[in-house]
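Please open the structure in your viewer and keep the sequence beside it. The tour begins with the whole chain and then moves to one pair of elements.

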Amino acid sequence: MAGLELLYSCVAGSICCPQDAVVCFVHWEIIKRGYKCLGSGDEIRNGDKKSELLPTGWNSSKELYTLRYKSNDDKSDVLVKAITVDSSLIFNLMDSSTEQVSDLTVNVSDYVHAEHLQTFESVFKNTEDLSQKVKNQLLPSVPAPRKKEKKSRRETSDESQPDRDPLRIPSRHPQTSRQPNCGRGGGGMIVDPLRAGFPRSGFDPSSGIPGVLPPGAVPPGARFDPFGPVGRHRPGPDPDHMPPPGYDDMFM
C-alpha cells in the first residue's frame, strides 16, 4: 500500500467525491500489474509519456472517467472508462491488441469512507476484496503457456532405442552357444578310429593315429568325421587309386 499512499497524497487535493477515490485505487491496481498511464481521454495525444501518476484533468468529469494505459513491454494498449450510475461505478476495459473487453461494477460505499476523503489511513476499506475483483474481473487475463504435446508411443519407443538398426531382423529365439561334446557317451560323429582298420588291443588314442596324426594330437574321447579318410591304409580297394577300365587287358 506504500505506492498507493504516495499516489493518493499527490492527488488528494483534487479528490472531492468517493468516486474519485475509487478511480484512484483502480488506477494503482492497473499500475501494479505492469502498465503505465499515457493520459486521459480516448485520443492519443502528442507528448504522451508513460507514468505511474494520474494525468492532469483525470477527474474533470464526475460522470465519465477515461484513462489510457500501455504495458511495460509495449505489447498492449488498454483503454479504461468508468461510468457513474447512482452510487456505483461501472468500469469498462478494452485491450486494443487482443480486442478483449471486460467490465467491473463497484458499489462505492462498500470500499470508501466518504467522510475521510482527505485522510489516506481511513479513506479505504475492504481493500483486499476490491484488489481481487480488479485483478480477476477487470484486468486482461494473461494467456497460459501452451503445454507441450505428449509424445506418441511410437516416438517414445524410437527415442528409447536410438541405436536400433531399422534393417536388422530381430531373432525370435535367443542365441545359445553350442559347445562340442567330446564325451564318449555324448553326441557327435559316430565313427570310432578303433573300428576303422586299427587293432583294438594295446591302442592308446593319445599316441596318435599311425601314419596320420602325431602322438598327443588326439585328445582322449575324441570323435572323428565319418566322411573323411581315417587312415592312409584302409582295408579293401581304394576307390581313389583304382586303375582305369581296360588297364588289366593291356598285359594279357
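How many helices and how many strands does the chain have? In this predicted model, the chain has five helices and five strands. If you colour the chain by element and follow it along the sequence, you will meet them in the pattern α-α-β-β-β-β-β-α-α-α.

Next, keep the whole chain selected and switch on its surface. The chain exposes about 18,100 Å², and carbon and sulfur atoms supply 53% of that area, while 30% of the 252 residues count as buried. If you display contacts between residues at least 6 apart in sequence, 49% of them join residues at least 24 apart.

Now select residues 18-32, which form helix α2, together with residues 127-138, which form helix α4. Two packed helices are described by the angle between their axes and by the distance between those axes. Here the helices α2 and α4 pack at an angle of about 60°, with their axes 10 Å apart, and because of that angle α2 counts as oblique to α4. The crossing of α2 and α4 is right-handed.

Which residues make the contact between α2 and α4? Show side chains for F25, V26, E29 and K32 on α2, and then for T127, L130, S131, V134 and L138 on α4, since these are the residues that make the contact. Coloured by character, the residues of this contact divide into five nonpolar, two polar and two charged.

Technical notes: Residues are numbered from 1 along each chain as its sequence is written. This is a predicted model: local features need pLDDT of at least 70, side-chain atom pairs count only at pLDDT 80 or more; totals for chains, interfaces and linings use all residues. Side-chain values use heavy atoms; hydrogens and water are left out. Helices (H or I, at least four residues) and strands (E, at least two) are DSSP runs, numbered from the N terminus. Buried means under 20% relative accessible area, exposed over 50%, partly exposed in between (1.4 Å probe, protein chains only). Contact means heavy atoms within 4.5 Å. Accessible areas come from the Shrake-Rupley method with a 1.4 Å probe; for residues, only the protein chains shown count as cover. Axes are lines fitted to C-alpha atoms, for helices over the stretch in contact, and angles run from 0 to 180 degrees between N-to-C directions. Angles under 35 degrees count as roughly parallel, over 145 as roughly antiparallel, 65 to 115 as roughly perpendicular and the rest as oblique. A crossing is left-handed if the near helix is turned anticlockwise from the far one by less than a right angle, and right-handed if clockwise. Ala, Val, Leu, Ile, Met, Phe, Trp, Tyr, Cys and Pro count as nonpolar, Asp, Glu, Lys and Arg as charged, and the others, Gly among them, as polar.
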